[in-house]
Amino acid sequence: MKQIIPIFFSCDNNYIPYLSVTIQSLIDHAAPDIEYRIYVLHTDINEESQKKLLTQERENIKISFVSVLDKIKNISNKLDDVRDYYTQTIFYRLFIAELFPNYSKAIYLDCDIIILDDLKDFFNINLNNNIVACVVDKIVAHNDDFKVYVKEFLGVDNEHYFNSGVLLINLDEYRKEQVEDAFYQMVTNYSFKSVAPDQDFLNYVLKNRHLEISEDYNRMPIADDYNGEMKIIHFNMFMKPWLYDNVIYEDYFWKYAKETIFYEDIKEVKNNYSDKNKASDLEGVKRMERECYEIIHSNYTYVKLFTKFQK
(Lines give C-alpha, C1' and ligand atoms only; values in the text may rest on other atoms or scores of the structure.)
Protein backbone atom coordinates (compact mmCIF):
# COMPACT_ATOMS: atom_id res chain seq x y z
CA MET A 1 0.00 0.00 0.00
CA LYS A 2 1.36 3.42 -0.98
CA GLN A 3 2.25 5.94 1.68
CA ILE A 4 -0.15 8.89 1.56
CA ILE A 5 1.19 12.43 1.95
CA PRO A 6 -1.49 15.15 2.34
CA ILE A 7 -0.30 18.57 1.15
CA PHE A 8 -2.32 21.73 1.69
CA PHE A 9 -2.26 25.10 -0.04
CA SER A 10 -4.29 28.28 0.56
CA CYS A 11 -5.09 30.12 -2.64
CA ASP A 12 -7.37 32.60 -4.34
CA ASN A 13 -8.25 32.77 -8.02
CA ASN A 14 -5.54 35.30 -8.83
CA TYR A 15 -2.76 33.09 -7.47
CA ILE A 16 -3.62 29.94 -9.41
CA PRO A 17 -0.81 30.36 -12.00
CA TYR A 18 1.86 30.46 -9.27
CA LEU A 19 0.32 27.54 -7.42
CA SER A 20 0.50 25.66 -10.72
CA VAL A 21 4.26 26.27 -10.84
CA THR A 22 4.65 25.00 -7.29
CA ILE A 23 2.67 21.87 -8.11
CA GLN A 24 4.74 21.30 -11.25
CA SER A 25 7.93 21.35 -9.18
CA LEU A 26 6.31 18.83 -6.83
CA ILE A 27 5.37 16.60 -9.77
CA ASP A 28 8.91 16.62 -11.14
CA HIS A 29 10.28 15.33 -7.83
CA ALA A 30 7.46 12.99 -6.81
CA ALA A 31 8.27 9.37 -6.00
CA PRO A 32 6.13 6.86 -7.94
CA ASP A 33 5.51 4.72 -4.84
CA ILE A 34 3.85 7.56 -2.86
CA GLU A 35 0.35 8.99 -3.20
CA TYR A 36 0.34 12.79 -2.95
CA ARG A 37 -3.04 14.26 -2.06
CA ILE A 38 -3.10 17.99 -2.76
CA TYR A 39 -5.84 20.07 -1.16
CA VAL A 40 -6.39 23.68 -2.23
CA LEU A 41 -8.21 25.69 0.45
CA HIS A 42 -10.14 28.59 -1.05
CA THR A 43 -13.34 30.66 -1.25
CA ASP A 44 -13.34 31.99 -4.81
CA ILE A 45 -11.48 29.75 -7.27
CA ASN A 46 -13.70 29.52 -10.33
CA GLU A 47 -14.49 26.43 -12.38
CA GLU A 48 -12.21 27.39 -15.27
CA SER A 49 -9.19 27.78 -12.98
CA GLN A 50 -9.98 24.51 -11.23
CA LYS A 51 -10.14 22.67 -14.55
CA LYS A 52 -6.77 24.07 -15.60
CA LEU A 53 -5.11 23.04 -12.37
CA LEU A 54 -6.66 19.59 -12.51
CA THR A 55 -4.78 18.93 -15.76
CA GLN A 56 -1.72 18.49 -13.54
CA GLU A 57 -3.13 15.44 -11.82
CA ARG A 58 -1.16 12.24 -12.24
CA GLU A 59 -1.82 8.63 -11.26
CA ASN A 60 -0.28 9.25 -7.83
CA ILE A 61 -0.99 13.00 -7.58
CA LYS A 62 -4.57 14.06 -6.90
CA ILE A 63 -5.87 17.62 -6.52
CA SER A 64 -9.00 18.61 -4.58
CA PHE A 65 -10.55 22.03 -3.98
CA VAL A 66 -11.93 22.66 -0.50
CA SER A 67 -14.08 25.70 0.30
CA VAL A 68 -13.56 27.30 3.71
CA LEU A 69 -16.53 29.64 3.41
CA ASP A 70 -18.32 27.96 6.31
CA LYS A 71 -15.23 28.29 8.46
CA ILE A 72 -14.91 32.05 8.03
CA LYS A 73 -18.51 33.16 7.50
CA ASN A 74 -18.89 34.40 11.09
CA ILE A 75 -15.45 36.01 11.38
CA SER A 76 -14.75 37.32 7.87
CA ASN A 77 -15.12 40.97 8.90
CA LYS A 78 -12.86 40.35 11.89
CA LEU A 79 -10.17 38.89 9.66
CA ASP A 80 -10.12 42.12 7.69
CA ASP A 81 -9.38 43.98 10.92
CA VAL A 82 -6.15 42.08 11.61
CA ARG A 83 -4.59 42.07 8.14
CA ASP A 84 -3.50 44.76 5.72
CA TYR A 85 -1.12 43.65 2.97
CA TYR A 86 -2.48 40.14 2.53
CA THR A 87 -5.68 38.43 1.47
CA GLN A 88 -7.71 36.31 3.86
CA THR A 89 -6.12 33.18 2.37
CA ILE A 90 -3.29 33.49 4.90
CA PHE A 91 -5.66 32.26 7.61
CA TYR A 92 -6.94 29.14 5.88
CA ARG A 93 -4.00 26.98 7.03
CA LEU A 94 -5.26 27.37 10.58
CA PHE A 95 -8.34 25.24 9.80
CA ILE A 96 -6.65 22.15 8.33
CA ALA A 97 -6.79 20.05 11.51
CA GLU A 98 -10.54 20.42 12.01
CA LEU A 99 -11.40 20.17 8.32
CA PHE A 100 -9.52 16.88 7.99
CA PRO A 101 -9.92 14.82 11.18
CA ASN A 102 -8.88 11.70 9.27
CA TYR A 103 -5.26 12.90 9.04
CA SER A 104 -2.81 12.92 11.92
CA LYS A 105 -0.07 14.75 10.02
CA ALA A 106 0.08 17.06 7.01
CA ILE A 107 2.26 19.44 5.05
CA TYR A 108 1.25 23.05 4.47
CA LEU A 109 2.98 25.13 1.77
CA ASP A 110 2.52 28.67 0.50
CA CYS A 111 1.96 29.14 -3.23
CA ASP A 112 5.20 31.07 -3.86
CA ILE A 113 7.36 28.00 -3.42
CA ILE A 114 9.54 25.76 -5.58
CA ILE A 115 10.10 22.16 -4.47
CA LEU A 116 13.49 20.69 -5.35
CA ASP A 117 13.26 17.32 -3.66
CA ASP A 118 10.70 14.63 -2.94
CA LEU A 119 8.61 15.69 0.07
CA LYS A 120 8.85 12.25 1.69
CA ASP A 121 11.82 13.11 3.94
CA PHE A 122 10.12 16.30 5.09
CA PHE A 123 6.86 14.49 5.83
CA ASN A 124 8.66 11.73 7.74
CA ILE A 125 10.40 14.09 10.18
CA ASN A 126 9.68 12.93 13.73
CA LEU A 127 7.70 15.70 15.41
CA ASN A 128 7.48 13.95 18.79
CA ASN A 129 4.96 16.08 20.72
CA ASN A 130 5.73 19.29 18.81
CA ILE A 131 2.82 20.78 16.92
CA VAL A 132 4.79 21.97 13.88
CA ALA A 133 8.18 21.55 12.28
CA CYS A 134 9.30 24.82 10.72
CA VAL A 135 12.22 27.04 9.72
CA VAL A 136 13.35 30.24 11.41
CA ASP A 137 12.40 33.30 9.36
CA LYS A 138 15.75 34.67 8.21
CA ILE A 139 14.24 37.94 6.99
CA VAL A 140 13.01 38.72 10.50
CA ALA A 141 16.24 37.50 12.06
CA HIS A 142 18.22 40.03 9.97
CA ASN A 143 15.92 43.06 10.25
CA ASP A 144 16.36 45.34 13.26
CA ASP A 145 12.78 46.65 13.11
CA PHE A 146 11.26 43.16 13.05
CA LYS A 147 13.58 41.96 15.82
CA VAL A 148 12.11 44.52 18.19
CA TYR A 149 8.60 43.84 16.94
CA VAL A 150 8.56 40.07 17.59
CA LYS A 151 10.11 40.55 21.03
CA GLU A 152 7.74 43.28 22.19
CA PHE A 153 4.58 42.18 20.36
CA LEU A 154 4.86 38.42 20.80
CA GLY A 155 7.47 37.84 23.47
CA VAL A 156 9.42 35.72 20.99
CA ASP A 157 13.16 35.90 20.37
CA ASN A 158 13.90 36.78 16.74
CA GLU A 159 16.27 33.80 16.49
CA HIS A 160 13.29 31.50 17.10
CA TYR A 161 10.57 33.32 15.16
CA PHE A 162 9.56 30.91 12.42
CA ASN A 163 8.12 31.32 8.96
CA SER A 164 4.63 29.85 8.52
CA GLY A 165 4.89 29.30 4.75
CA VAL A 166 6.36 25.81 5.09
CA LEU A 167 4.95 23.70 7.91
CA LEU A 168 4.82 20.05 8.85
CA ILE A 169 1.83 19.89 11.18
CA ASN A 170 1.12 17.39 13.92
CA LEU A 171 -2.65 17.53 13.47
CA ASP A 172 -3.37 15.32 16.48
CA GLU A 173 -1.53 17.68 18.82
CA TYR A 174 -2.98 20.71 17.03
CA ARG A 175 -6.49 19.42 17.79
CA LYS A 176 -5.58 18.35 21.31
CA GLU A 177 -4.28 21.81 22.15
CA GLN A 178 -7.31 23.46 20.51
CA VAL A 179 -5.24 25.85 18.42
CA GLU A 180 -8.16 26.68 16.11
CA ASP A 181 -10.30 27.59 19.11
CA ALA A 182 -7.54 29.88 20.31
CA PHE A 183 -7.56 31.62 16.95
CA TYR A 184 -11.31 32.19 17.09
CA GLN A 185 -10.88 33.54 20.62
CA MET A 186 -8.20 35.95 19.48
CA VAL A 187 -10.14 37.18 16.45
CA THR A 188 -13.43 37.50 18.31
CA ASN A 189 -12.24 39.16 21.52
CA TYR A 190 -9.23 41.22 20.48
CA SER A 191 -8.31 43.70 17.79
CA PHE A 192 -4.64 43.17 17.07
CA LYS A 193 -3.04 44.97 14.18
CA SER A 194 -0.29 42.63 13.13
CA VAL A 195 2.52 42.74 10.59
CA ALA A 196 2.15 39.05 9.70
CA PRO A 197 -1.21 38.00 11.21
CA ASP A 198 -1.29 34.22 10.75
CA GLN A 199 2.44 33.86 11.30
CA ASP A 200 2.44 36.02 14.42
CA PHE A 201 -0.46 34.04 15.87
CA LEU A 202 1.27 30.70 15.29
CA ASN A 203 4.55 31.96 16.70
CA TYR A 204 2.80 33.11 19.85
CA VAL A 205 0.69 30.03 20.57
CA LEU A 206 3.34 27.52 19.46
CA LYS A 207 6.31 29.24 21.07
CA ASN A 208 7.16 26.17 23.13
CA ARG A 209 5.71 23.58 20.74
CA HIS A 210 7.62 23.93 17.48
CA LEU A 211 10.57 22.01 16.10
CA GLU A 212 13.11 24.14 14.25
CA ILE A 213 14.54 22.32 11.24
CA SER A 214 17.13 22.99 8.55
CA GLU A 215 16.84 26.01 6.31
CA ASP A 216 17.10 23.52 3.44
CA TYR A 217 13.32 23.13 3.78
CA ASN A 218 12.49 26.83 3.51
CA ARG A 219 15.29 28.69 1.78
CA MET A 220 14.35 32.33 1.29
CA PRO A 221 15.90 34.62 -1.35
CA ILE A 222 18.48 36.23 0.91
CA ALA A 223 21.93 37.25 -0.32
CA ASP A 224 24.24 35.35 2.00
CA ASP A 225 26.68 32.47 1.68
CA TYR A 226 24.41 29.46 1.89
CA ASN A 227 26.07 26.07 1.82
CA GLY A 228 23.07 23.85 2.43
CA GLU A 229 21.16 21.55 0.12
CA MET A 230 18.07 23.45 -0.96
CA LYS A 231 14.96 21.27 -0.91
CA ILE A 232 12.32 24.03 -0.86
CA ILE A 233 12.75 27.61 -2.10
CA HIS A 234 10.30 30.16 -0.76
CA PHE A 235 9.89 33.50 -2.55
CA ASN A 236 8.31 35.23 0.41
CA MET A 237 7.75 38.96 0.88
CA PHE A 238 7.46 41.26 -2.14
CA MET A 239 10.31 40.12 -4.37
CA LYS A 240 8.58 37.57 -6.62
CA PRO A 241 10.36 36.31 -9.75
CA TRP A 242 7.15 36.83 -11.76
CA LEU A 243 7.24 40.54 -10.87
CA TYR A 244 10.92 41.53 -10.59
CA ASP A 245 14.20 40.95 -12.40
CA ASN A 246 17.30 39.54 -10.73
CA VAL A 247 15.50 37.78 -7.89
CA ILE A 248 17.76 35.27 -6.15
CA TYR A 249 16.94 31.71 -7.29
CA GLU A 250 14.61 32.98 -10.02
CA ASP A 251 15.95 30.42 -12.53
CA TYR A 252 14.33 27.65 -10.52
CA PHE A 253 10.95 29.35 -10.75
CA TRP A 254 11.12 29.90 -14.50
CA LYS A 255 12.30 26.34 -15.11
CA TYR A 256 9.02 24.96 -13.75
CA ALA A 257 6.86 27.83 -14.97
CA LYS A 258 7.78 26.86 -18.54
CA GLU A 259 6.26 23.43 -17.95
CA THR A 260 2.82 24.81 -17.03
CA ILE A 261 -0.07 26.02 -19.19
CA PHE A 262 0.19 29.37 -17.39
CA TYR A 263 3.67 30.26 -18.66
CA GLU A 264 2.58 32.92 -21.14
CA ASP A 265 0.15 34.40 -18.61
CA ILE A 266 2.91 34.64 -16.02
CA LYS A 267 5.27 36.34 -18.48
CA GLU A 268 2.55 38.85 -19.31
CA VAL A 269 2.08 39.66 -15.63
CA LYS A 270 5.78 40.42 -15.33
CA ASN A 271 5.88 42.50 -18.51
CA ASN A 272 2.97 44.60 -17.25
CA TYR A 273 4.29 45.11 -13.72
CA SER A 274 4.96 48.83 -13.82
CA ASP A 275 7.32 51.15 -11.98
CA LYS A 276 4.24 52.42 -10.17
CA ASN A 277 3.54 48.89 -8.92
CA LYS A 278 7.12 48.53 -7.74
CA ALA A 279 7.02 51.90 -5.98
CA SER A 280 3.87 50.74 -4.21
CA ASP A 281 5.69 47.59 -3.07
CA LEU A 282 8.54 49.67 -1.69
CA GLU A 283 6.12 51.89 0.18
CA GLY A 284 4.48 48.75 1.54
CA VAL A 285 7.79 47.58 2.98
CA LYS A 286 8.38 50.98 4.58
CA ARG A 287 4.84 50.97 5.96
CA MET A 288 5.41 47.56 7.53
CA GLU A 289 8.55 48.86 9.21
CA ARG A 290 6.70 51.93 10.53
CA GLU A 291 3.86 49.79 11.79
CA CYS A 292 6.26 47.62 13.77
CA TYR A 293 6.82 50.52 16.16
CA GLU A 294 3.25 51.78 16.12
CA ILE A 295 1.99 48.34 17.08
CA ILE A 296 4.45 47.60 19.88
CA HIS A 297 3.80 50.97 21.51
CA SER A 298 0.07 50.35 21.60
CA ASN A 299 -1.77 48.47 24.33
CA TYR A 300 -2.86 45.81 21.85
CA THR A 301 -0.13 43.19 21.81
CA TYR A 302 -0.18 39.48 22.44
CA VAL A 303 2.19 39.95 25.37
CA LYS A 304 -0.12 42.45 27.09
CA LEU A 305 -3.52 40.97 26.38
CA PHE A 306 -3.68 37.46 24.99
CA THR A 307 -2.85 34.84 27.59
CA LYS A 308 -4.02 31.66 25.89
CA PHE A 309 -1.32 28.96 25.69
CA GLN A 310 1.21 30.79 27.83
CA LYS A 311 2.31 28.24 30.42
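**A tour of the cores, the sheet and the ring pairs**

Begin by selecting I7, L19, V40, I107, L109, F253 and I266, the residues with the most contacts inside the largest nonpolar core, which has 56 residues; such a core is a set of buried Ala, Val, Leu, Ile, Met, Phe, Trp, Tyr and Cys residues joined through side-chain atoms within 4.5 Å, where buried means under 20% relative accessible area with a 1.4 Å probe and protein chains only, exposed over 50%, and partly exposed in between. The model is predicted, with local features needing pLDDT of at least 70 and side-chain atom pairs counting only at pLDDT 80 or more, while totals for chains, interfaces and linings use all residues. Residues are numbered from 1 along each chain as its sequence is written, and side-chain values use heavy atoms, leaving out hydrogens and water.

Next, colour helix α1 (residues 16-27), which gives the most to this core, with 7 residues; helices (H or I, at least four residues) and strands (E, at least two) are DSSP runs numbered from the N terminus. Then centre on V40, which, leaving aside its neighbours within four places in sequence, is in contact (heavy atoms within 4.5 Å) with F9, C11, L19, I45, L53, I63, S64, F65 and V66.

Now show the strands: 7 of them form an open sheet of mixed pairing, in the order β3-β2-β1-β4-β7-β6-β8, two strands being paired if DSSP finds at least two bridges between them. At the edges stand β3 (61-67) and β8 (210-212), each with a single partner strand, so one side of each has no neighbour in the sheet. Within the sheet, β1 (residues 3-10) and β4 (residues 105-109) run parallel and are joined by 2 bridges, and I7 stands opposite I107 in β4.

For the rings, pairs of Phe, Tyr and Trp (its six-membered ring) are taken where centres lie within 6.5 Å, with planes under 30 degrees apart called stacked, over 60 edge-to-face and the rest tilted; by this rule there are 23 aromatic pairs. Select F183 and Y184, a tilted pair with 6.3 Å centre to centre and 55° between the planes. Adding F201 shows a ring centre 5.3 Å from that of F183 with the planes at 70°, so this pair is edge-to-face. The pair links distant parts of the chain, with F183 in helix α10 (residues 179-189) and F201 in helix α11 (residues 197-205), 18 residues apart, and both F183 and F201 are buried.

Finish with Y15, Y18, F235, W242, F253, W254 and Y263, which ring pairs link into a cluster.
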